[in-house]
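Q: I would like a close look at one part of this protein, the strands and how they pair. Could you walk me through it, beginning with the chain as a whole?

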Amino acid sequence: MDRVDSLEVPRSSGAREPWGSPPWRIHPEFPQRSLPKYVDFAIVGGGFTGLAAAAWLRFLAPKKSVAVLEAGAIGAGASGRTGGIVLAETAAGELPGLGDVLAGMSRVLRDLERACGFSLVEGCELTLQGAWEIGRSGGTASSPIEWNDSGTLRVVNEVPGGTLNPGKQVNGLARAAARLGATIAERHRVQEIRWSDPVSLEFGRGRLQAGKVMFATNALSLELSGLRGAAHPKLTLAARTAPMTRKELEKIGLAAGKPFYTVDFPYLWGRICSDNSIIWGAGLADAPPSGDLGKVAVSRGRAAGMFASLENRVHALHPALANARFTHRWGGPIAFRSDFLPVFASHPRSSNGLVLGVFAGHGVALSVYLGAWAAEALLGRRNMPEWGRVVAK
């Protein structure tokens, strides 16, 4: 059996099974603590952003109480369904005052691992070997890639970046947050927010009051976070091949192990995994008119056709890929703004709420970096960036 076939997948929250099964193994280890009646900070969302913010809050202010409320299972949303490509900028590029995202993420992980006593950087297989931008015009004279895809794809530039294992990143951040004293409550879907003082978060099993609330938002919680109409939910699609031989990787130009993405259309991105399998991604499936991405199934309809098209493209890229066997197909929820800027702002209803997210597919590094920044903002130690505001329409 191929190694890729034996990998576990994220624990299902039930409603997300139609999105297929990514290969990342998610098994966070944290104590089951009862939710208190009140916490200083409540974080809605148990992905990279929410877990990083919870861990950083407890790291900086150990006397403050923190609870993470996750609607399903930890990492069952966007964080557990990403391809794991680490990029240095936002989808809108470099932004004023953003700083060095990769160095900042690494610093946060290193500080947390020293405080917790276990590895987070090596533990999540983080490597910052750079990333290739590839395109159908131009290209470096020594480009290792020459693929047939609506023209000839070649490397046109190398940028800071790398890869990590999303499952191990979720596991590590959840463990760190819990080790530092945060309470993590899975299957606690927040159904209503009452902007009283303190704020009241209501869910099927009861109620939690909090001094401040952070929404580590994604494409599934736009209504709750006050972003309905300001951000657009999509399902990004990815597929993974069985492991390739070293010789095959050399033939197709990926022996260096660098992730890649196109700078022109039709869009294509990908990365090598630790077992030499390759993840390929392209295409966005729209939400139905209701905006509920949970109703999109990747095994039928337009999404199934998009997967077939992606696999045909990969087979045609290079003779060494002609017989590549695909073992995993999955979708992951993401959200966009029309200007591709992230959201990092107070909740439209109250200054006691903070909304962070809408990374437009660039959230692997940004989520940890900005999650720690958001924790500092909640503690009154740092201002939120101007570019993160949402202007009311």
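What share of the contacts in the chain with a separation of 6 or more comes from residues 24 or more positions apart? And from there, which strands pair with which, and in what sense?

A: Happy to take you through it. Please keep in mind that this is a predicted model. To begin with your contacts: residues 24 or more positions apart account for 72% of those with a separation of 6 or more.

Here is the setting for the strands. The chain contains six helices and 18 strands. Its radius of gyration is 20 Å, close to the 21 Å that the globule rule gives for 393 residues, so the chain is as compact as a globular protein of that length. The C-alpha trace spans about 65 × 45 × 45 Å along its principal axes. Of the 393 residues, 58% are buried. The accessible surface is about 16100 Å², and carbon and sulfur atoms make up 48% of that surface. As for charge, there are 44 positive and 33 negative side chains, with the centres of the two sets 5 Å apart.

Now to the pairing. Strands of a sheet pair through backbone hydrogen bonds, and they can do so parallel or antiparallel. In this chain, eight strands make an open sheet with mixed pairing, in the order 5-6-4-13-14-15-12-16. At its edges are strand 5 (147–148) and strand 16 (326–336), each of which pairs on one side only.

Let us follow the strand 16 end of that order. Strand 16 is an edge strand, yet it is mostly covered, with 10 of its 11 residues buried. Its partner is strand 12, and 10 bridges join the two in an antiparallel arrangement. If you want a spot to find on screen, look for Pro 233, which stands opposite Ala 335 in strand 16. Strand 12 (residues 232–241) also pairs with strand 15 (residues 278–286), again in the antiparallel sense, over six bridges. There, Ala 239 stands opposite Trp 280 in strand 15.

Next, have a look at strand 11 (residues 206–216), which pairs in the parallel sense with strand 1 (residues 38–44) over six bridges. Within that pairing, Val 39 stands opposite Ala 210 in strand 11. Strand 11 also pairs with strand 10 (residues 199–203), this time in the antiparallel sense, over five bridges. Strands 10 and 11 form a hairpin, with two residues between them, and Ser 200 stands opposite Gln 209 in strand 11. Strand 18 (residues 350–357) runs parallel to strand 11, and four bridges join them. For that pairing, a handy landmark is Ala 216, opposite Leu 356 in strand 18.

One loop residue is worth a stop as well. Phe 118 sits in the loop between helix 2 (101–116) and strand 4 (131–135), and strand 4 is one of the strands in the open sheet. Phe 118 counts as buried because its relative accessibility is 11%, and the cut-off for buried is under 20%. Leaving aside residues up to four places away in sequence, Phe 118 touches Glu 113, Gly 172, Arg 175, Ala 176 and Arg 179. To place Phe 118 against another residue, measure across to Thr 236: the two are 118 residues apart in sequence and 32 Å apart in space, C-alpha to C-alpha.

Definitions and conventions. Residues numbered from 1 in each chain as written. Predicted model: local features only at pLDDT ≥ 70, side-chain atom pairs only at ≥ 80, totals over all residues. Heavy atoms only, no water. Rg over C-alpha atoms; globule rule 2.2 N^0.38 Å. Buried < 20%, exposed > 50% of the residue type's maximum accessible area, 1.4 Å probe, protein only. Contact = heavy atoms within 4.5 Å. Areas by Shrake-Rupley, 256 points an atom, 1.4 Å probe, with all protein chains shown as cover. Lys, Arg positive; Asp, Glu negative; His and termini not counted. Charge placed at Lys NZ, Arg CZ, Asp CG, Glu CD. Pairing = 2+ DSSP bridges.
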